[in-house]
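The exercises below are meant to be worked with the sequence and the 3D view side by side. Please try each task before reading its solution.

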Amino acid sequence: MSQPKEIPLMEKIVSLCKRRGFIFQSSEIYGGINGFWDYGPLGAELKRNLRDTWWRAMTRDREDVVGLDATIIMHPGIWKASGHVDTFADLMRECSITNKRVRADHVEPQSGTVLRFSGAESPTGWRLDRVLTVLMGKAEHIESFRKRVRQLLVQSAGAAAGQPDALVLHGEEKIDVVEGSVDFHPETGGLLGAARPFNLMLKTYVGPTATEADVAYLRPETAQAIFAQFKNVVDSSRQKVPFGICQIGKAFRNEVTPRNYTFRSREFEQMELEFFIPPDEVIRILHGSVAEWSETADLSAPQPNWGWDMWHHYWEKERVAYYAGIGLGADLLDYHRQKPDELAHYARACVDILFKFPFGTEELEGIAARSDFDLSQHQKHSGKSQEIFDEDLRTAAGQLDDAARTAFSASVQDEWAARAAKNGKPEDAARAAAQEFCEKLFKGQYVPHVIEPSAGLDRLALAILAAAYHEEEKADVNGKIEKRTVLRFHPRVAPVKVGVFPLLKNKPELVAKARAVYETLKRQMHCFYDETGNIGRRYARQDEAGTPFCVTVDFETLGEKGPELLDTVTLRHRDDGRQERVKIADLLGLLLPQVQ
Ligand code: GAP
């Protein structure tokens, strides 16, 4: 007998997510819409908990980060300044038969015979006088290949082309045999056109006229609103650089190939921090030198002499600690440190924190040192100064004599010119900019630099689900071994924290007591009351939902097994099945610290 086929882990997760109400396909009753996902009752709670843990770690627990909640649609000038209008694009190639597009870097090499047709016509009078060049795969049969080409033509031409079987293909000609070619569409086999940029921003119109002048974009990242509101936050919050502004919110990208479930979606949520720091030159004037990072550097508390490198490492450490605190330990993560030739020209460094997803190790969060690029771009395009004034800097610069200032300015010019040369930019312009920058510094003025930890909430939810997914074999009440699924969420992020059950639903005293326990707990944490099915089934249901604790009100609670057990309950732990007796009065104190 053949072994039952092992279902891939990702399929099991997708199926559980639908069955238990974590994630549904958007617009499913209309056949769905590619790249969009909805979160059901448990998924909505999970995401809310993740948002809350991130918000708490990034701003409430700190004195140097404040929050922002900006609009999704902003002035289109923001996206011009940020570079998204001109460069936020994937290179795409188009199938010459169906016009279907594919990302140029996603075309797998294919081998086979290239056939050409001079056109096609149907008995309905429809004609196509255009050369069609198509790859016939190695294992394909010529008749099924012709059928596929006819179907493709009908799909792209619509009803006018009639039925595929009635279509006649003209001028069939074998023109080549290719090995490992990337010039044919992976799905259709049609010859691909040249690679062309395809902007990923989703467009809309603001106002009733809907002309080109009314075009606006759904934000492709939350970060730009933070830059655009930087000055307002500085003026209203009494924060001083170094400090950060964080935001959680929706972002939209017209991803060419949304894939891997929610991993690459077209609508998703980001959790971003822009942490503003002084440029290293400011630190040199204020503190003589910039602290140098090493493997043994103490990153436990920020220091005044930190430059961008120390801050970048500091945020990497903070973010990894955050992940450990919600159940994504070091064994589940990996890192990609971008090499100098991978970095954007304005970036000093970028490290991606990766998660070991069932479909591969992929990016969860990027932490980039973005220099003053964004604020300077907005300063240039809006005409509004994004500089801050630092009295201590002006005082320290005022204590330098002319020779020291000249030497300082010369060293900054050398550094900027060297960086420009490396990026193929004119050195003279870099020297002039450095000179101007130093003159401003001596007056206490500068545009802050930024370190940006940028995470995806939906990717994090998927990582949390994948890390939590476990299968175990357990005996049911009759001793029969069953395979069961347990989601081992960290209690802090679990959608439901406690399941509360009366042992039997037909005993009013048990039910009344269980409802009272439920009412008390639910004021402080998300609980689920359940009285249906045997107690083993109820535990199993909560295990599958990832509920870390269950509380059962039984006859001991009523004092029927001795007065010492009166008002105690069974507290059952999800991960080891351990059961303990706990006084009702102690429950909150025991559970709250674990779930918060
Ligand atoms: N402001 C910087 C920025 O947006 P990014 O690397 O493009 O950088 C940051 O995006 C994070 O947003 C990623 O690490 C990922 O977690 C999430 N993200 C980006 N594109 C996504 C998509 N199409 N679907 C889901 N999450 C996405």
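**Exercise 1.** Is Ser 181 buried or exposed?

*Solution.* Keep in mind throughout that the model is a predicted one. Begin with the place of the residue: Ser 181 belongs to strand β11, which covers residues 173–181. Next take the relative accessible area, which is 11% for Ser 181; since buried means under 20%, Ser 181 counts as buried. Then look at what surrounds the residue: once the neighbours within four places in sequence are left aside, Ser 181 is in contact with Glu 108, Pro 109 and Gln 110. Finally, follow the side chain of Ser 181, which reaches the backbone nitrogen of Asp 183 at 3.1 Å.

**Exercise 2.** Describe the surroundings of the ligand, starting from the shell of residues and ending with individual atom pairs.

*Solution.* Start with the shell, in which there are 19 residues around the ligand, with Glu 221, Glu 255, Ser 265, Glu 272 and Glu 363 coming nearest. Sorted by character, the residues of this shell comprise nine charged, five polar and five nonpolar ones. As for secondary structure, at least two residues of the shell are supplied by each of the strands β16 (267–277), β19 (360–369) and β22 (449–456).

Now turn to the atom pairs. On the side of the ligand's nitrogen atoms, a polar side-chain atom of Glu 272 lies 2.6 Å from one nitrogen atom, and an N or O atom in the side chain of Glu 452 is 3.0 Å from a nitrogen atom of the ligand. For Glu 363, the partner is an oxygen atom of the ligand, at 2.5 Å from an N or O atom in the side chain. The last step concerns the surface: the ligand taken alone exposes 560 Å², and 88% of that is buried by the protein.

**Exercise 3.** Find how many aromatic pairs the structure holds, and then examine the pair of Phe 230 and Phe 276.

*Solution.* The count comes to 23 aromatic pairs in the structure. In the pair of Phe 230 and Phe 276, the ring centres are 4.5 Å apart and the planes are at 45°, a geometry that is tilted. The pair links distant parts of the chain, 46 residues apart, with Phe 230 in helix α7 (residues 230–237) and Phe 276 in strand β16. Both positions can then be checked for exposure: Phe 230 is buried at a relative accessible area of 0%, and Phe 276 also counts as buried, at 0%.

A further pair is formed by Trp 306 and Tyr 314, whose ring centres are 5.5 Å apart with planes at 55°, so this pair is tilted. Trp 306 and Tyr 314 are both buried, and they belong to one aromatic cluster together with Phe 275, Trp 311 and Trp 315.

**Exercise 4.** Which residues, beyond the close neighbours in sequence, are in contact with His 378, and which ones does Arg 484 touch?

*Solution.* Take His 378 first, which lies in helix α10 (residues 373–382) and is buried, with a relative accessible area of 7%. Leaving aside neighbours within four places in sequence, the contacts of His 378 are Ile 78, Ala 81, Gln 224, Phe 227, Gly 383 and Lys 384.

Arg 484 has its place in strand β24 (residues 481–487) and, at a relative accessible area of 14%, is buried. Not counting residues up to four places away in sequence, Arg 484 touches His 470, Glu 471, Glu 472, Lys 474, Ala 540 and Asp 543. The C-alpha atoms of Arg 484 and Glu 473 are separated by 6.0 Å, although these residues are 11 residues apart along the chain.

**Exercise 5.** What backbone features are found in the loop between α7 and β15?

*Solution.* Pro 242 is located in this loop, which leads to β15 (243–252), and the peptide bond from Val 241 to Pro 242 is cis, with omega near 5°. Arg 238 has its place in the loop between α7 and β15 as well; its phi is near 60°, a positive value in a residue other than glycine. To complete the description, Arg 238 is exposed, with a relative accessible area of 79%.

How values were computed:
Residues numbered from 1 in each chain as written. Predicted model: local features only at pLDDT ≥ 70, side-chain atom pairs only at ≥ 80, totals over all residues. Heavy atoms only, no water. Near = heavy atom within 4 Å. Polar contact = N/O pair within 3.5 Å; in protein donor to acceptor, adjacent residues only side chain to side chain. Areas by Shrake-Rupley, 256 points an atom, 1.4 Å probe, with all protein chains shown as cover. Helix = DSSP H or I, 4+ residues; strand = E, 2+ residues; numbered from the N terminus. Nonpolar A, V, L, I, M, F, W, Y, C, P; charged D, E, K, R; others polar. Buried < 20%, exposed > 50% of the residue type's maximum accessible area, 1.4 Å probe, protein only. Contact = heavy atoms within 4.5 Å. Phe/Tyr/Trp six-rings, centres within 6.5 Å; stacked < 30°, edge-to-face > 60°.
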